[in-house]
Each structure stands twice: as structure tokens, then as C-alpha cells.
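Hello,

Here is the structure I promised to pass on to you. Please have a look at it first, and then read my notes below.

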Amino acid sequence: MKIHNFSAGPCILPQDVFQQASKAVLDFNGLSILEISHRSKDFVAVMEKAQSLALEHLGLTNKGYKALFLGGGASMQFLMTAYNLLEKKAAYLNTGTWSDKAIKEAKAFGDIIEVASSKDANYNFIPKDYQVPTDADYFHITSNNTIFGTQLKTVPQVNIPLVCDMSSDIFSRQLDFTKFDLIYAGAQKNMGPAGATLVIVKEDLLGKVTRHIPSMLNYQTHISKDSMFNTPPVFPIYVSMLTLEWLKNNGGIDAIEKANNEKAALIYGEIDRNELFQGFAAVEDRSNMNATFSLKDEAHKEAFDNLWNAANISGLNGHRSVGGYRASMYNALPLESVQVLVDVMKELEKKA
């Protein structure tokens with residue numbers, strides 16, 4: 001039976017990618033991808049292609065940016081961004097758990113200006129009216145908030161370097177990516193399995209802080225060694241390369257954005273139509289990646305849970321910070337799976 005995987009991460013990946021990756025585990029030019037040297041010409045080619053595809057998809061090829069594949073997850077980037085960029089003070093927009101954690105890490109390196117926050121409303125909206133200090137070293141935002149189901153719909157217009165955590169919506173929609181000076185994203189949403197982190201950084205942004213930066217935390221170290229300063233997460237990078245190839249072969253970001261819009265319209269249309277359900281996030285800030293919603297009457301919970309489990313739906317329970325349900329609809333999730341969930345919601349309505 002087909003499993004409809006709505007997990008927030010690690011999440012669904014394309015079946016074509018699974019098939020290619022599984023073959024490489026057994027045989028990748030004579031060895032397993034799990035045992036080849038990261039210095040071998042075969043893996044160097046993988047790394048170079050993954051980096052090239054990442055820049056190509058974002059429209060950043062030959063525009064002064066470098067693509068790095070590192071370990072440590074986005075949580076390590078909370079620290080690394082501040083280590084490399086924060087000299088005196090930085091501005092942060094607090095829109096969820098992960099931006100809150102990023103702020104906590106950055107406070108060790110300088111003054112942090114929290115320009116706005118939706119924390120008091122349990123992060124159910126994106127603040128709009130705020131001022132970003134023009135003398136800050138950078139402005140940090142989180143483009144999509146996985147836990148709460150909110151998403152920035154436009155890129156803030158600022159005159160200082162813009163840093164963005166795009167862990168849960170990178171490669172899902174078109175933006176003017178040249179407006180960002182540094183982008184980072186854990187692979188385990190739209191790009192690959194857990195274990196690799198993509199960093200896209202404008203080279204002229206670096207080398208301006210006066211503090212000593214430990215080698216492993218210095219972006220310039222990793223740029224100089226082409227992400228090979230230490231042994232990189234070989235298999236996650238290989239799967240990320242395959243996923244970026246899959247995206248290119250299926251029309252790139254333009255095509256996947258249309259598919260994602262269609263999936264989001266389908267689920268939110270049912271949430272708003274069905275009297276048994278209500279959405280969590282403010283309508284104008286709803287995420288196309290993570291739809292958060294709940295039952296208006298918890299008396300229906302057992303019946304609904306039985307229905308979606310019987311329909312082979314997986315990963316639908318909401319995060320403990322929000323409760324209810326969360327349908328994560330990353331790039332590889334087919335519209336068919338969203339339709340199955342919507343049909344279950346309609347079936348509950350008939351039985352209620």
C-alpha cells in the first residue's frame with residue numbers, strides 16, 4: 001500500500017532518487033557510495049555537480065556566490081552566521097522556534113536587535129511593520145516556519161546584508177535570490193536526507209569581522225577547500241545532487257512552484273470549507289510547505305485519526321507547540337497524496 005508521507009522532516013523524497021541512490025549503495029563505479037573516498041574523482045564530481053546545480057536553480061551562477069555542503073544542520077548555521085558576520089550588532093526577525101534559537105546563538109557575539117516578533121501570538125503570523133537598523137551588520141530572517149505553518153511571501157527590502165534560513169522551503173518557489181547575501185538550509189526538507197546542510201554565500205560578505213574564527217566554523221576555510229576541509233557527509237550530498245537533478249529534469253523551480261501552489265490551494269480550500277476544521281496560521285501568511293490546522297471539536301479526534309491512519313497517511317500530527325495537525329507538502333509530495341487527505345476530511349464531515 002502506498003504511504004502518503006506528510007512528515008515535516010526528514011521528509012518525502014522522489015522515488016526516482018530512491019532508486020538511483022539504492023543502486024549506488026550497492027555499486028557506485030565499483031564501490032558503494034557509502035565507502036568511496038571523498039577525495040576520489042567520482043565523489044569530487046558529485047560535489048561539484050551538487051554545488052553547480054544549487055547555484056543554477058537559484059539563478060546565482062557566476063554572480064559572486066559559493067555553494068557549500070557542510071555538516072551540523074541549520075542549527076550549526078545559527079552559530080556560524082554570527083561567528084562570520086557579526087562584528088557589533090545584527091537585526092533579527094523572530095517568526096518561530098528556529099529564528100528564536102538563532103537569536104539565542106547570535107547573542108554570544110554582539111548586540112541583537114529583535115526588530116519584530118510574533119512570539120506572543122504563538123507565531124501564528126509574520127510581522128509586517130518593522131524598521132531594520134541601517135547600521136546593523138546583517139538582517140536575519142527565516143523564510144518558512146515549519147512548526148507554525150507561516151511563510152514570508154516577499155523578500156524584505158533592506159540596505160544591509162540579508163541572511164536567510166530557508167531550511168523548509170528552499171527550491172520550492174521563485175524569489176530574487178540575488179537579494180540574499182547568505183542562505184542556509186538543512187537538506188532534509190526539499191533536497192535530501194538528514195546530515196547535509198547547504199550554504200550559499202556571497203564571497204565579498206566574508207572576512208570583515210575582527211575576531212578569530214575557528215577553522216571549522218569559518219566559511220572561508222570551507223570555500224578554500226571546496227567543502228572538503230574535513231570529510232563531508234558523502235551520502236546525503238550524493239542524494240541531494242540526485243534530487244537537484246530530479247528538480248531540473250522536471251522543469252526546475254518554475255514548475256515545482258506551480259505544483260506546490262496547487263497542493264496548497266487544495267488543502268487550504270478544504271480547511272476553510274469544512275466546518276469541522278480551522279487553520280492555525282493567519283491566512284495571508286500561510287505556508288505552502290506546512291499547512292497547520294486543527295479540529296474545532298476534539299470529540300472528533302479519534303474518528304479523524306482512525307480515518308487518516310486507515311488511508312495510509314503518515315506524519316500528520318502537529319508539533320507539540322501547536323497541537324492539531326500539520327500537513328507538510330514538500331516538493332516530492334504528489335498532489336494525489338493531498339487529495340487523499342482532503343477526501344478523508346470530507347469523509348469525517350459526512351460521518352460527524
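Two residues are in contact when heavy atoms of theirs lie within 4.5 Å. With that in mind, take the contacts in the protein between residues at least 6 apart in sequence: 68% of them join residues at least 24 apart. Please remember throughout that this is a predicted model.

**Overall picture**

The protein has 9 helices and 14 strands. Its C-alpha trace spans about 65 × 55 × 30 Å along the principal axes. For 352 residues, a compact globule would have a radius of gyration near 20 Å, and the 21 Å found for the protein agrees with that. Of those 352 residues, 54% count as buried.

**The sheet of 7 strands**

You may like to begin with the open sheet of 7 strands, which has mixed pairing and the order E2-E10-E9-E8-E5-E3-E4. Strand E2 (65–70) and strand E4 (111–117) stand at its edges; each has a single partner strand, so one side of each is left without a neighbour in the sheet. From one strand to the next, the twist averages 15 degrees.

Inside this sheet, E9 and strand E10 (residues 197–202) run antiparallel and are joined by 5 bridges. If you want a spot to zoom in on, tyrosine 184 stands opposite valine 199 in E10.

Which strands does helix H2 touch? Helix H2 (residues 41–57) packs on the sheet against E2 and E10, and its direction makes about 130 degrees with that of E2. Helix H4 (residues 97–106) packs on the sheet too, where it touches strand E3 (89–94), E4, strand E5 (139–142) and E8. The direction of H4 makes about 160 degrees with that of E3.

**The sheet of 3 strands**

Another open sheet is formed by 3 strands in the order E11-E12-E14, with antiparallel pairing. At the edges stand strand E11 (277–279) and strand E14 (325–328), each with a single partner strand, so that one side of each has no neighbour in the sheet. Ignoring direction, neighbouring strands here are turned by 35 degrees against each other on average.

E11 is joined to strand E12 (residues 290–295) by 3 bridges, and the two run antiparallel. Glutamine 278 stands opposite serine 294 in E12. Helix H7 packs on this sheet and touches E11 and E12, its direction making about 20 degrees with that of E12. Helix H8 (residues 301–310) also packs on the sheet, touching E11, E12 and E14; the angle between its direction and that of E14 is about 25 degrees.

**Two acidic residues to look at**

Is aspartate 169 buried or exposed? Aspartate 169 is buried, with a relative accessible area of 3%. You will find aspartate 169 in the loop between strand E8 (162–165) and strand E9 (182–186). A polar contact of 2.6 Å joins its side chain to that of serine 143. Apart from neighbours within four places in sequence, aspartate 169 is in contact with Ser143, Asn144, Gln151, Asn190 and Met289.

Glutamate 270 lies in helix H7 (residues 252–273), the helix that packs on E11 and E12. Glutamate 270 counts as buried, at 3% relative accessibility. Its side chain makes a polar contact of 2.8 Å with the side chain of arginine 273. Once neighbours within four places in sequence are left aside, glutamate 270 is in contact with Val342, Met345 and Lys346.

**The cysteines**

How many disulfides are there? A disulfide is a covalent bond between the sulfur atoms of two cysteines. The cut-off used here is 2.5 Å between the two sulfur atoms, and by this rule the count comes to 0 disulfides. Why does cysteine 11 have no bond to another cysteine? The closest cysteine sulfur to that of cysteine 11 belongs to cysteine 164 and is 18 Å away, which is too far for a bond. Seen from cysteine 164, the closest cysteine sulfur is in turn that of cysteine 11. Cysteine 11 counts as buried at 9% relative accessibility, and cysteine 164 counts as buried at 0%.

Enjoy exploring the model, and write back whenever you like.

Best wishes

Definitions and conventions: Residues numbered from 1 in each chain as written. Predicted model: local features only at pLDDT ≥ 70, side-chain atom pairs only at ≥ 80, totals over all residues. Heavy atoms only, no water. Buried < 20%, exposed > 50% of the residue type's maximum accessible area, 1.4 Å probe, protein only. Helix = DSSP H or I, 4+ residues; strand = E, 2+ residues; numbered from the N terminus. Polar contact = N/O pair within 3.5 Å; in protein donor to acceptor, adjacent residues only side chain to side chain. Pairing = 2+ DSSP bridges. Axes fitted to C-alpha atoms, helices over the stretch in contact; angles between N-to-C directions. Rg over C-alpha atoms; globule rule 2.2 N^0.38 Å.
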